[in-house]
Amino acid sequence: RHSCQNEAAGAACADHARGSVHRHQMLARSRLPAALPLRRLLSTKAIPPPKLFDYATVTSHIHVSDAISAVEAAFGALARGKVDVPFPMHIGIDETASAGPGDCHIKGGYVSGESTWTVKLACVSFYKNVADGLPPGGGIFVVMNAKNGAPLAVIQENRFLTDVRTGAAGGISVKYLTKPTDKTVGFIGTGAIAKSMARATAAVRPGFTGFAYGADAEMAQSFCDEMRAELGCEFTAVGSAEELCASAKVVFTQTPGSATVLERSMLQPGSTVIASGSDQPTKQELPVDLLANCKYVCDLVGQVSKVGELRSALAAGAMTEADVYAELGQVVNGDKPGREGDEIIVCDLTGTGAQDAAIGQVAWEKLSKL
């Protein structure tokens with residue numbers, strides 16, 4: 001997810017796009033047969049229409065536990081250079097009498113060797129919908145046949161699959177960046193992504209004890225009640241971020257604003273902070289002094305430097321890209337160790353097209369059998 005409101009991000013986006021177009025034009029020309037018969041170019045065979053899966057079908061058949069191994073493999077492939085991931089595209093819908101306000105994020109990718117590739121369109125921040133009793137956004141996944149380029153499925157997921165693959169990334173972060181004995185887990189922000197993170201954590205670290213804090217105390221309590229009933233883990237709502245950090249060694253942050261949600265001094269030695277709220281140049285969850293004094297891991301350096309937590313540290317002159325310890329896929333592949341002792345680790349998750357490709361494949365494999 002990306003906004004070209006920021007000039008640097010916009011320039012990077014344009015440079016990436018120009019290079020990508022040229023690279024793919026050259027690739028296409030190199031693959032075109034020298035003399036393709038006209039009758040083959042004008043084939044009368046029709047490509048079958050894609051299957052359509054509605055939201056109710058998707059949410060009743062896909063679970064975050066289904067996605068973890070596929071997303072983990074996608075991160076590993078991404079670190080090996082085996083995923084084609086274009087830079088995210090952002091469309092801003094300004095508020096007028098007939099539209100908005102809202103945002104559209106477009107991501108996609110292809111993991112080499114897989115039978116499908118995916119393009120995802122996620123619409124968020126359509127807050128006027130609430131007055132009409134609708135959620136503040138929607139979204140679809142388009143899953144394509146990687147062999148012949150035909151559309152296989154249009155999946156109405158309304159950001160559900162995005163939350164599932166984001167949660168899977170959080171679970172993978174817990175697996176590789178925390179100690180097996182770290183079973184106290186906190187959630188700052190208690191919306192849909194927090195629930196997905198909790199479900200993924202339960203899949204890789206069953207029996208953990210959860211804590212939650214949010215600006216809306218009633219919502220935080222409801223989150224705890226729901227997760228306790230669903231996961232069979234104890235959950236407690238607390239009154240501040242400081243109380244949460246004192247209680248939890250693993251801290252998830254998933255908030256939509258531009259104000260930092262915790263301080264470095266609040267964290268226990270050996271804490272792991274998994275941040276997924278920053279996905280635009282206007283957002284920031286973590287203070288720069290924490291980023292500059294931790295083992296900093298991210299999903300994709302080229303992306304977090306533009307829209308993730310790293311962006312703020314770069315702008316402040318507190319870090320350079322060389323200060324990034326590793327991308328998550330490098331840890332998954334064993335190229336760099338994850339948790340080694342009592343160091344503070346921050347994992348910055350902005351969401352990648354590799355994850356969308358992975359969850360798109362998982363969804364197709366399950367839904368196509370219905």
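**Exercise 1. Find where Leu349 sits, and work out whether it is buried or exposed.**

Step 1: look in the loop between strand E15 (345–348) and helix H13 (353–367), and there is Leu349. Helices (H or I, at least four residues) and strands (E, at least two) are DSSP runs, numbered from the N terminus. A quick word on the model: it is predicted, so local features need pLDDT of at least 70 and side-chain atom pairs count only at pLDDT 80 or more, while totals for chains, interfaces and linings use all residues. Residues are numbered from 1 along each chain as its sequence is written, and side-chain values use heavy atoms, with hydrogens and water left out.

Step 2: check the accessibility. Leu349 has 4% relative accessibility, so it counts as buried (buried means under 20% relative accessible area, exposed over 50%, partly exposed in between, with a 1.4 Å probe and protein chains only).

Step 3: look at the company it keeps. Leaving out residues up to four places away in sequence, Leu349 touches, among others, Ala169, Gly170, Met197 and Asp299 (contact means heavy atoms within 4.5 Å). Ala169 is 180 residues away from Leu349 in sequence, yet their C-alpha atoms are 7.6 Å apart.

**Exercise 2. Describe how helices H5 and H6 pack.**

Step 1: two packed helices are described by the angle between their axes and the distance between the axes. For H5 (residues 160–177) and H6 (residues 192–204), the angle is about 45° and the axes are 7 Å apart. Axes here are lines fitted to C-alpha atoms, for helices over the stretch in contact, and angles run from 0 to 180 degrees between N-to-C directions.

Step 2: name the arrangement. H5 and H6 are therefore oblique to each other (under 35 degrees is roughly parallel, over 145 roughly antiparallel, 65 to 115 roughly perpendicular, and the rest oblique).

Step 3: list who meets whom. On the H5 side you'll find residues including Asp163, Gly167 and Val174, and on the H6 side residues including Ala192, Met197 and Val204. The residues of this contact split into 8 nonpolar, 6 polar and 1 charged (Ala, Val, Leu, Ile, Met, Phe, Trp, Tyr, Cys and Pro count as nonpolar, Asp, Glu, Lys and Arg as charged, and the others, Gly among them, as polar).

**Exercise 3. Trace the open sheet and say which strands stand at its edges.**

Step 1: follow the order E10-E9-E8-E11-E12-E15-E13-E14, which gives 8 strands with parallel pairing (two strands pair if DSSP finds at least two bridges between them).

Step 2: go to the ends. E10 (235–237) and E14 (326–327) each have a single partner strand, so one side of each lacks a neighbour in the sheet.

Step 3: zoom in on one pair. E8 (residues 184–188) and E11 (residues 250–253) run parallel, joined by 4 bridges, and Gly186 stands opposite Val251 in E11.

Step 4: add the helices. H6 lies across E8, E10 and E11, at about 165° to E8. H7 (residues 217–231) lies across E8, E9 (209–213) and E10, at about 175° to E10.

Step 5: finish with Phe187, a residue of E8. Phe187 has a relative accessible area of 0%, so it is buried. Its contacts include Met197, Phe211, Phe223 and Phe252.

**Exercise 4. Spot the unusual backbone at Pro101 and Arg159.**

Step 1: most residues other than glycine have a negative phi, and most peptide bonds are trans.

Step 2: the peptide bond from Gly100 to Pro101 is cis, with omega near 0°.

Step 3: Arg159 isn't a glycine, but its phi is positive, about 80°. Arg159 lies in the loop between E7 (151–156) and H5.
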